[in-house]
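User: I am new to this structure and would like to go through it step by step. Please show it to me before we begin.

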Amino acid sequence: MPRKGQFGMAAGHVFALPDPAGPLKTGPEFPPFLLSRKADCFRMSEPIKTDVLIIGAGPVGLFAVFELGLLDMKCHLVDILDKVGGQCAELYPEKPIYDIPAIPKISAQGLVDQLMEQIKPFAPQFHLGEMVETITRLGDPLFRVTTDGGKVFEAKVVVIAAGGGSFQPKRPPIPGIEAYEDKSVHYAVRKMDAFKGKKILIVGGGDSALDWTLNLQPVASHVTLLHRRADFRAAPDSVNKMMALVNDKKIDLVLGQVTGLEGADGQLSAAVVKRTDNTVGPVTCDAMLPFFGLTMKLGPVANWGLRLHEDVIPVNTENFETSEPGIFAIGDINTYPGKLKLILSGFHEVALMSQKAHRYVYPDKKLTFQYTTSSSSLQKKLGV
Ligand SMILES: Cc1cc2nc3c(=O)[nH]c(=O)nc-3n(C[C@H](O)[C@H](O)[C@H](O)COP(=O)(O)OP(=O)(O)OC[C@H]3O[C@@H](n4cnc5c(N)ncnc54)[C@H](O)[C@@H]3O)c2cc1C
């Protein structure tokens, strides 16, 4: 299964140097359970001290840098991926987003780029290609956070912006599909250009399958959408647009399931499809894009001693704090009554979280509410 870049990205890792001198440091100050898999053969590095450690550099983690920065809190961010942007950058960078307030249309990667521009004045430090493994409370407020690359952070506040954890696409149960993965079977579209002039078979009936059918239709030489029934889980507008393309004979819609693949050396020539009328036959294609949803693997988040509800973290909606004082959860990783997994919801959560985080980082400072439009001190921080 392709790992979508989550793990083993040596490029992003800066390991602590191996210590030939002796065993790993342990003891009450540094108990062995804190030592990560990769760190087993390395000493942990010197702690990196920061006001706030953000776990996850998706859109919500990135915007947290801005709101925290306005309140004078410095951030380090850790992400398993080798790039910033979370789902936006990894799963749908070229897809347009239409529901960011005051931005009628922006590509997912464009949004990430704009967020990076917006947080520049606060000089956040990124640690990419690293997975946070442990969080340990050292004091009130002080946390030690360790990564699988052997990094150690000491932070007054921890903000979990881990989305769905480490996400992996679900592999369809098609014999021999592994041989084609990453060559002509793809679970995400990184560059639409890669599909220019190709015959594409898109499999699935949800938002991703429908969105990519609509987006790739003008690029590909031919698109076939295959779904097991004539009932789609995607947004009604996308379903209507897709049906219009079918009626105009611009794409083919086939109802059935892939039972086998034909091709050589990882290059598909056709998918064998069993149709709902029980006929079996090939659908010619150069590339297949199965969208069977994502398996959200919570990963180490489950071991951090936080109260969880169905693999997400319940939070207090006044400040998005978890059951552990000083540890916050924002964006897709949290839950509360009425939660919507939308970027704009995460942005709102960030603003309220920052107000409470300020109390931990600056317990003696009174926080005065200010607008960026009228506060010269906020404008100075932004360099405007
Ligand atoms: C196809 C598609 C289309 C979408 N369209 C829209 C839309 O139009 N509008 C909208 O508002 N939303 C949309 N969404 C949802 C939106 O992308 C998410 O709500 C948003 O990405 C959540 O942001 P986040 O920062 O909370 O999490 P994510 O974007 O999931 O980022 C979380 C990051 O945390 C990292 N991470 C997880 N665990 C660890 C760990 N232990 N250590 C280090 N790093 C870790 C992950 O690698 C990831 O990069 C769409 C989603 C998909 C899949």
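**The ligand and its surroundings**

Analyst: The shell around the ligand has, by class, 16 nonpolar, nine polar and six charged residues; here Ala, Val, Leu, Ile, Met, Phe, Trp, Tyr, Cys and Pro count as nonpolar, Asp, Glu, Lys and Arg as charged, and the others, Gly among them, as polar. This is a predicted model, in which local features need pLDDT of at least 70 and side-chain atom pairs count only at pLDDT 80 or more, while totals for chains, interfaces and linings use all residues. Residues are numbered from 1 along each chain as its sequence is written, and side-chain values use heavy atoms, with hydrogens and water left out.

User: How many residues surround the ligand, and which are the closest?

Analyst: A residue is near a molecule if one of its heavy atoms lies within 4 Å of it. The ligand is surrounded by 31 residues, and the closest are D79, Q87, Y92, D332 and I343.

User: Which side chain has an N or O atom 2.5 Å from an oxygen atom of the ligand?

Analyst: A polar contact is a pair of N or O atoms within 3.5 Å. For D332, a side-chain N or O atom is 2.9 Å from an oxygen atom of the ligand, and for D99 a polar side-chain atom lies 2.9 Å from a nitrogen atom of the ligand. The side chain with an N or O atom 2.5 Å from a ligand oxygen is that of Y92.

User: What volume does the second largest pocket have?

Analyst: A pocket is sought on a 1 Å grid over the protein atoms alone, as an open set of points where a 1.4 Å probe fits, with protein on both sides within 12 Å along at least five of seven lines; lining residues have an atom within 4 Å of a point. The second largest pocket is lined by 16 residues, with P172, V203, R228, Q257 and F292 nearest its centre. Grid points are joined across faces, edges and corners, and the space filled by probe spheres set on the points gives the second largest pocket a volume of about 300 Å³.

User: Is D311 buried or exposed, or in between?

Analyst: Phi of D311 is positive, at about 65°, although D311 is not a glycine. Buried means under 20% relative accessible area, exposed over 50%, and partly exposed in between, using a 1.4 Å probe and protein chains only. With a relative accessible area of 46%, D311 is partly exposed.

Note on methods. Polar contact = N/O pair within 3.5 Å; in protein donor to acceptor, adjacent residues only side chain to side chain.
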